[in-house]
Amino acid sequence: MSSSGNLARGQEVRVEERMVQTSALRRLLVRPEMGAAAGSIVVWLFFALVAGSKGFLTMSGTASYLQVAADLGILAVAVALLMIGGEFDLSIGSIIGACGMIIAITAGHFQLHIGLGILLAFLFALLIGWVNGTMVVRTGLPSFIITLGSLFIIRGATIGVTRMTTGRTQVGGIDEAPGFELAQAIFASKLTIAGANFSISILWWLLAAVVATWTLLRTRFGNWIFGVGGDANAARNVGVPVARVKITLFMGTAVAACLVAVLQAVSFTGADVLRGSQQEFYAIIAVVIGGTLLTGGYGSAIGAVLGALIFGMVRQGIVFAGVDADWFQVFLGVMLLVAVLVNRYVRKRAMEARR
Amino acid sequence: MTTATPLLEVRNVTKYFGSVIALYDISMTLHAGEVMCLLGDNGAGKSTLIKILSGVHQPSQGEYLVNGRPVSFRSPRDALDAGIATVYQDLAMIPLMGLSRNFFLGSEPMVGWGPFRRFDTRRADEVTRAEMAKMGIQVRDPGQPVGTLSGGERQCVAIARAVYFGARVLILDEPTAALGVKEASVVLRYIAQARARNLGVIFITHNVHHAYPIGDRFTLLNRGRSYGTFSKADVTREEVTSMMAGGAELEELGHELAEFARTDAVAARALGKTASELNQEARDLQVGHYAPPDAPAPTRTDRTEAG
Ligand SMILES: Nc1ncnc2c1ncn2[C@@H]1O[C@H](COP(=O)(O)OP(=O)(O)O)[C@@H](O)[C@H]1O
Ligand SMILES: [Mg+2]
């Protein structure tokens with residue numbers, strides 16, 4: 001460096017001023033899930049006050065909202081990864097219905113080994129996820145539209161095939177199939193803690209959350225998810241296999257939907273063609289409440305876990321409080337809007353404050 | 001220099017987009033330790049050419065050789081693996097992602113074993129900090145979103161990244177287009193640094209004032225065709241200017257030049273230009289007189305003018 005040394009030093013000072021030290025508190029506040037963490041506490045306190053004396057605070061009350069949160073939470077963590085990757089999946093609700101019915105027809109109607117039914121369901125889910133993902137990356141169309149199509153195709157086909165095969169829309173009898181005991185132990189057992197029965201799906205939910213969080217924050221693939229969602233072109237230019245990442249994420253949401261279907265089919269020993277309806281919207285709501293950006297590139301799996309927890313607390317809390325359950329949807333819609341506004345504000349502050 | 005095998009060479013490359021001829025019969029070489037400036041107006045085909053070089057597009061016709069061997073890149077990854085790194089006009093950076101995650105996107109360092117094999121974020125942070133420090137930028141929080149950096153700082157991250165990952169060829173698509181004069185001069189200095197490390201640099205711009213001080217050779221594109229490649233020894237700035245813009249725009253460029261000289265003598269010095277040289281240029285273009293704000297003008301020691 002000869003004469004340019006002076007300039008280099010001047011530049012250094014100038015840039016250094018820009019990159020001011022960020023306080024630990026501020027860094028904590030800009031985590032995507034902070035809004036949902038605060039929201040969880042507020043919602044819990046609210047129902048503790050309103051419905052605390054009516055059973056919300058009991059062990060069995062806790063078990064009941066965790067159960068609701070778990071089924072949604074499994075979906076939500078997978079949807080969070082997909083949405084961070086910049087895509088939507090509206091077909092997951094219909095995949096729950098289809099996978100549940102595959103198990104019920106295989107194990108209930110035909111009385112084949114339940115393991116076979118579960119295997120077929122997962123293979124089906126992987127195929128659907130792959131098809132969804134491939135169509136999205138090949139056509140370049142919004143995944144919203146592609147998976148909206150899948151939603152109707154899968155739901156309609158589930159109803160059609162089920163009626164053709166069994167003549168009904170609800171199929172039971174899974175509990176008489178070979179292998180049911182083991183399946184029940186894995187997917188439908190209860191853990192008794194202090195007299196209350198906690199569903200094993202809560203453990204599946206935690207497992208999904210740990211795997212998703214690890215993937216997102218500690219693996220190469222996780223970094224690619226952020227990159228692909230933040231700017232697919234930029235990511236492609238530095239060598240990220242964008243199509244593969246997106247297709248994998250769609251397969252992830254389909255598998256999560258199938259896991260929920262398995263948990264429910266084994267618990268209820270049967271399936272209904274309409275099971276899973278609207279779950280795609282609830283999952284998106286949980287993810288958005290959890291601080292994930294609708295446009296991709298920013299978010300967290302922990303946030304989705306908290307979003308699902310809030311969902312569960314509100315849904316059951318309303319019942320405990322003695323309010324008509326009709327009001328749940330109003331509550332949910334309002335919370336979604338509040339969460340979006342709060343998260344947007346926090347993120348804006350975070351980006352500005354560091355300038 | 002011309003006797004050595006070029007780092008890159010394209011021979012008679014043509015590129016169609018449907019019926020649009022974006023490039024026609026382009027031949028060009030790039031050697032280690034030189035800065036090749038790709039000049040031309042908007043739509044001349046500069047971006048298309050470098051997208052072929054960096055594996056984004058494949059040529060419709062013609063040959064592409066790296067170190068003398070024909071190649072056919074199917075993706076930017078292939079080009080990267082061959083040591084050809086590109087800093088795109090629309091920056092390959094994710095604004096909402098942290099600095100070190102951006103730095104290593106697509107080439108994450110890994111640590112651990114089996115299912116616990118993981119993205120070594122600590123190492124990523126350390127390296128990012130160290131590499132940025134080499135460019136004179138102190139990073140305190142490598143998790144800081146890239147979106148909070150200025151345009152010039154982002155260019156520096158992108159260049160630092162390319163150099164760190166062992167690029168032998170650095171392709172910069174209009175890195176100075178969105179920058180102020182001062183920031184542009186900083187980026188130009190990094191280009192000089194890369195050349196000093198014996199990298200080959202392809203620098204795309206439609207600003208002759210950024211190109212001329214740093215370029216060793218100039219390739220001029222116009223509507224998808226090449227006007228040829230010229231060594232700096234063979235052309236004056238005015239010749240380059242008139243070739244790329246046509247005589248009608250000379251006057252306007254003269255005004256720009258005077259503005260360049262007036263507003264930023266400091267930046268100009270960093271490029272090894274003296275006030276008197278700038279004055280001479282302004283006089284040549286007959287657009288008035290430039291008085292240096294702070295005398296005396298320094299002597300020329302920077303190597304950027306040596307090419
Ligand atoms: N992907 C593409 N599809 C169709 N036409 C393109 C594409 N990329 C570039 N072109 C056309 O090729 C020509 C050269 O563009 P470009 O290489 O971007 O020019 P420059 O970078 O020199 O401004 C323009 O006419 C542009 O419209
Ligand atoms: Mg261009």
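**Notes on the predicted model**

1. Let's start with confidence. This is a predicted model, and chain A has a mean pLDDT of 89, with 90% of its residues at 70 or more. The weak spot in chain A is helix α1 (residues 4-18), where the mean drops to 40, while helix α6 (residues 114-139) of chain A has the highest confidence, at 98. Across residues 1-21 of chain A the pLDDT is below 50, and this stretch has 34 contacts in the model beyond near neighbours in sequence. Where pLDDT is low, don't read the predicted coordinates in detail.

2. Now hop over to chain B and look for its sheet. Four strands make an open, antiparallel sheet there, in the order β2-β1-β4-β5. Strands β2 (20-30) and β5 (69-70) of chain B each have a single partner, so one side of each has no neighbour in the sheet.

3. Want one pairing to trace by eye? Try β1 (residues 8-17) and β4 (residues 61-66) of chain B, which run antiparallel and share five bridges. Along the way you'll find Glu9(B) opposite Leu65(B) in β4(B). Helix α1 (residues 46-53) of chain B packs on this sheet, touching β1, β2 and β4 of chain B, with its direction at about 60° to that of β2(B).

4. That helix turns up again at the ligand: α1(B) gives the most to the shell around ligand 1, three residues. The surrounding residues include Phe17(B), Asp41(B), Lys46(B) and Thr48(B).

5. Which polar side-chain atom lies 2.6 Å from an oxygen atom of ligand 1? One belonging to Ser47(B). Backbone polar atoms take part as well: Gly43(B) has one at 2.7 Å from a ligand 1 oxygen, and Ala44(B) has one at 3.2 Å. Alone, ligand 1 exposes 560 Å², and the protein buries 60% of that.

Technical notes. Residues are numbered from 1 along each chain as its sequence is written. Chains are lettered from A and ligands numbered from 1 in the order in which they are written. This is a predicted model: local features need pLDDT of at least 70, side-chain atom pairs count only at pLDDT 80 or more; totals for chains, interfaces and linings use all residues. Side-chain values use heavy atoms; hydrogens and water are left out. pLDDT is the predictor's confidence in each residue, from 0 to 100. Helices (H or I, at least four residues) and strands (E, at least two) are DSSP runs, numbered from the N terminus. Contact means heavy atoms within 4.5 Å. Two strands pair if DSSP finds at least two bridges between them. Axes are lines fitted to C-alpha atoms, for helices over the stretch in contact, and angles run from 0 to 180 degrees between N-to-C directions. A residue is near a molecule or strand if one of its heavy atoms lies within 4 Å of it. A polar contact is a pair of N or O atoms within 3.5 Å; within protein, one must be able to donate a hydrogen and the other to accept it, and residues adjacent in sequence count only if both atoms are side-chain atoms. Accessible areas come from the Shrake-Rupley method with a 1.4 Å probe; for residues, only the protein chains shown count as cover.
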